[in-house]
Amino acid sequence: MALPAHVEPLERAWYYTFRVICALIFLFLIIPILVVIPLSFNALPYFTFTPEMLRFDPAGYSTKWYADFFSNPNWQGAVRNSVIIAFFATIIATVLGTLAALGLSRPEMPFKKAFMALLISPMIVPLIISAAGMYFFYSRIGLASTHIGVIIAHAALGTPFVVITVTATLVGFDQSLIRAGLNLGGSPQTVFFKIIMPLILPGVISGALFAFITSFDEVVVVLFVGSYEQRTIPWAMFSGIREQISPTILAVATILVLISVLLLTTVEMLRRRSERLRGLSPG
Amino acid sequence: MGQNGSEAFVRFEGVQKSYDGETLVVKDLNLDIPKGEFVTMLGPSGSGKTTCLMMLAGFEPATHGEIYLDGQPINNVPPHKREIGMVFQNYALFPHMTVAENLAFPLQVRRMSKADIETKVKRALDMVELGAFGGRRPAQLSGGQQQRVAVARALVFEPDLILMDEPLGALDKQLREQMQYEIKHIHESLEVTVVYVTHDQAEALTMSNRIAVFNDGIIQQISSPDTLYEAPETSFVAHFIGENNKLDGTIQSVGKGTCKVRLDTGETVTAKAVNVKEKGSRTSMSLRPERIVINPKGKSVPNILKGKIQELIYLGDHIRTRMTVAGHDDFIVKIPNTFGHEPLAEGSTVNVGWESEDCRALDFTEAHGPG
């Protein structure tokens, strides 16, 4: 996009400043993530680039931190916990969030704003406060240091994302489709699964993804509510940094970045596909 | 089918509807629709016609009264068990399904066999001449095609009653007229009962066996299109259906079927007493523009008034003349463009006359001049 000839100096200055700002944002967001990737192949147990690495000497590189990650039972337990907790937390958050969004979008629903605010609150309240509160509450009812406790805590954190994305999908939802479905003889259940669900699926998928990532990345609540038995990957990384500094953390970070990118890409593709099926964009 | 004697297929009995518990959107609706009839609910927006349709479909509960379908009360029957086909205003086609899947939906929920579904879907698509479009999605069809799919989907499960909620509103004029005939023909060939809602009087006149004119939550008049136009019973109907000249006056005497009315400008006319009270009360008279004679000979008609021609609009088959008569400057006369018709000039004064039969004295209304 070239600048038109008639721009004034101030506009020209802003045009370039804007680009610089964008570049800086990318620099500070992306570079710390990218820099982790080469460091994770460090042959020595350091968190910095060694002279060998900078000379691109093959001897300076190694995959031993990856080998450590895949063989160490401490890390493997963390992976298993992370997947189990994120999976169940996502399912609970998606089901509850979708139902909540559907209910909140009905015209006859009273106190919509108040309920919405309540459901969204886990996103707004500082995590440390939620975590402390959950810790005291869960200890009292015997859910602290259990997988179920962590799953419920993570489901509560993930639900707002689902509520928000599904509500957004429902904004353009044509309510007469529900009436048409009923009129044609579909029971309310049939109408839900055959008509409402396919149409709000993009929102449900996006919400589920956010809920999954939230649980997968979450460290504060799991530190409070969980213990070593419920250690997730972030939990293990956090305690790893504190106790025994090992570049395995960098290998784990790289793998997590890779998973996130793959997950986002897959879901975005799924979302586009179902949006096409919805008839929103021409097939 | 006659309106008396035959068993009502759809019956509204003292039905009232209020959304807020205070104002009645539908006030005491009583309506019998015999099997096979095409009934149109016609009225301006907010007159309660769509609400009636929604109550019949089961999407809105009636606040009072009972609705019967084929003799059975249906107030407690949920919409998906009513077996009523419906064409929605915006078609409400399922965007994530193909045309064929849209049509198959009502058959699948009725657990029909795959082969049956296929034949019925094909037959329904052929009926609306969209046989080749089964694999397309609604978004890939034009408005008219979507409309046909909506009609086919409402018919495919062979309901005895079809509801249509302003189904042609979104189409352009030409397509709308074509679809009016198609829907009329489908109604005739399938012998289904149709309840049609529209605010377009031409549409109602074209398609219906009977028209129920709604205003303010009340059926003003229900009758066949010709009766509605030629013998309106209220000022609202006279104004709403077709073009109408309104003359206000005070009743001087009521005779046998006729009455003498003194116009506000002093002239006295004889009118057919249709909806009038006693002597001295106010009345609005309705007079169709094509029933007015220019310069009638001698005493050939009982009512002769002076009119000053304000505007002439040449429309080919007739000349539309706007004149001032009895203080109304929006008095319209349609003069057929026949051989040797009266010469007309803007600004000139002519005599206008009409039969007392054509001048219907109705309830008094302040509102609206000629449509």
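Which residue stands opposite B:Lys260 in strand 13 of chain B? Let's work towards that pairing and then walk through the rest of this predicted model.

**Exercise 1. Follow strand 13 of chain B and its partners.**

Task: find the residue opposite B:Lys260 and describe the pairings that strand 13 of chain B makes.

Solution:
- Step 1. Start with the strand bounds: strand 12 of chain B covers residues 258-263, and strand 13 of chain B covers residues 268-273.
- Step 2. These two strands pair in the antiparallel sense over five bridges. Within that pairing, B:Lys260 faces B:Thr270.
- Step 3. Now look at the connection. The hairpin of strand 12 and strand 13 of chain B has four residues between its strands, and B:Gly266 takes a positive phi near 110°.
- Step 4. Turn to strand 20 of chain B (residues 359-362), which pairs with strand 13 of chain B in the parallel sense over two bridges. Here B:Ala273 stands opposite B:Ala361.

**Exercise 2. Order a sheet and find its edges.**

Task: work out which strands of the five-stranded open sheet of chain B stand at the edges.

Solution:
- Step 1. As a reminder, strands of a sheet pair through backbone hydrogen bonds, in either a parallel or an antiparallel sense.
- Step 2. Write down the order, which is 15-19-16-17-18 in chain B, with antiparallel pairing.
- Step 3. Strand 15 (293-294) and strand 18 (328-336) of chain B each have a single partner strand, so one side of each has no neighbour in the sheet. These two are therefore the edge strands.
- Step 4. Zoom in on one edge. Strand 17 of chain B (residues 318-325) joins strand 18 of chain B through seven antiparallel bridges, and B:Val325 has B:His328 as its bridge partner.
- Step 5. Check the turn: strands 17 and 18 of chain B form a hairpin with two residues between them, and B:Ala326 in the turn has a positive phi of about 50°.

**Exercise 3. Buried or exposed?**

Task: decide how far helix 1 of chain B is enclosed by the rest of the structure.

Solution:
- Step 1. Take the helix, residues 49-57 of chain B, and list its buried members. They are B:Lys49, B:Thr50, B:Thr51, B:Cys52, B:Leu53, B:Met55, B:Leu56 and B:Ala57.
- Step 2. That makes eight of the nine residues buried, so helix 1 of chain B is largely enclosed by the rest of the structure.
- Step 3. Look just past the helix, where B:Gly58 takes a positive phi of about 95°.

**Exercise 4. Explore the largest nonpolar core.**

Task: identify the residues with the most contacts inside the largest nonpolar core.

Solution:
- Step 1. The core has 151 residues, and those with the most contacts inside it are B:Leu163, B:Val195, B:Ala212 and B:Val213.
- Step 2. Ask which element contributes the most: helix 9 of chain A does, with 14 residues.
- Step 3. Pick B:Ala212 for a closer look. Leaving aside residues up to four places away in sequence, B:Ala212 touches B:Leu31, B:Val39, B:Met41, B:Leu42, B:Ile219 and B:Ile222.

**Exercise 5. Describe the contact between the chains.**

Task: say how many residues each chain brings to the contact and which helix of chain A gives the most.

Solution:
- Step 1. Chain A brings 20 residues and chain B brings 21 residues.
- Step 2. On the side of chain A, helix 8 (176-183) and helix 9 (188-217) each supply at least two residues. Helix 8 of chain A gives the most, with six residues.
- Step 3. Sort the residues on the side of chain A by type: nine are nonpolar, eight polar and three charged.

**Exercise 6. Characterise chain A as a whole.**

Task: compare the radius of gyration of chain A with that of a compact globule, and set it beside the fold.

Solution:
- Step 1. Chain A has twelve helices and zero strands.
- Step 2. A compact globule of 283 residues would have a radius of gyration near 19 Å, whereas chain A has 24 Å. Its C-alpha trace spans about 75 × 70 × 35 Å along the principal axes.
- Step 3. Add the domains: chain A is assigned domain 1 (9-60) and domain 2 (79-245), with C-alpha centres 34 Å apart.
- Step 4. Finish with burial, which applies to 33% of the 283 residues of chain A.

Terms used:
Residues are numbered from 1 along each chain as its sequence is written. Chains are lettered from A and ligands numbered from 1 in the order in which they are written. This is a predicted model: local features need pLDDT of at least 70, side-chain atom pairs count only at pLDDT 80 or more; totals for chains, interfaces and linings use all residues. Two residues are in contact if their C-beta atoms, placed from the backbone, lie within 7 Å. Ala, Val, Leu, Ile, Met, Phe, Trp, Tyr, Cys and Pro count as nonpolar, Asp, Glu, Lys and Arg as charged, and the others, Gly among them, as polar. The radius of gyration is taken over C-alpha atoms; the globule rule is 2.2 Å times the number of residues to the power 0.38. A residue is buried if 20 or more other C-beta atoms lie within 10 Å of its own, exposed if 12 or fewer, and partly exposed in between; C-beta atoms are placed from the backbone. A nonpolar core is a set of buried Ala, Val, Leu, Ile, Met, Phe, Trp, Tyr and Cys residues joined through C-beta atoms within 7 Å. Domain bounds come from an automatic or database domain assignment. Two strands pair if DSSP finds at least two bridges between them.
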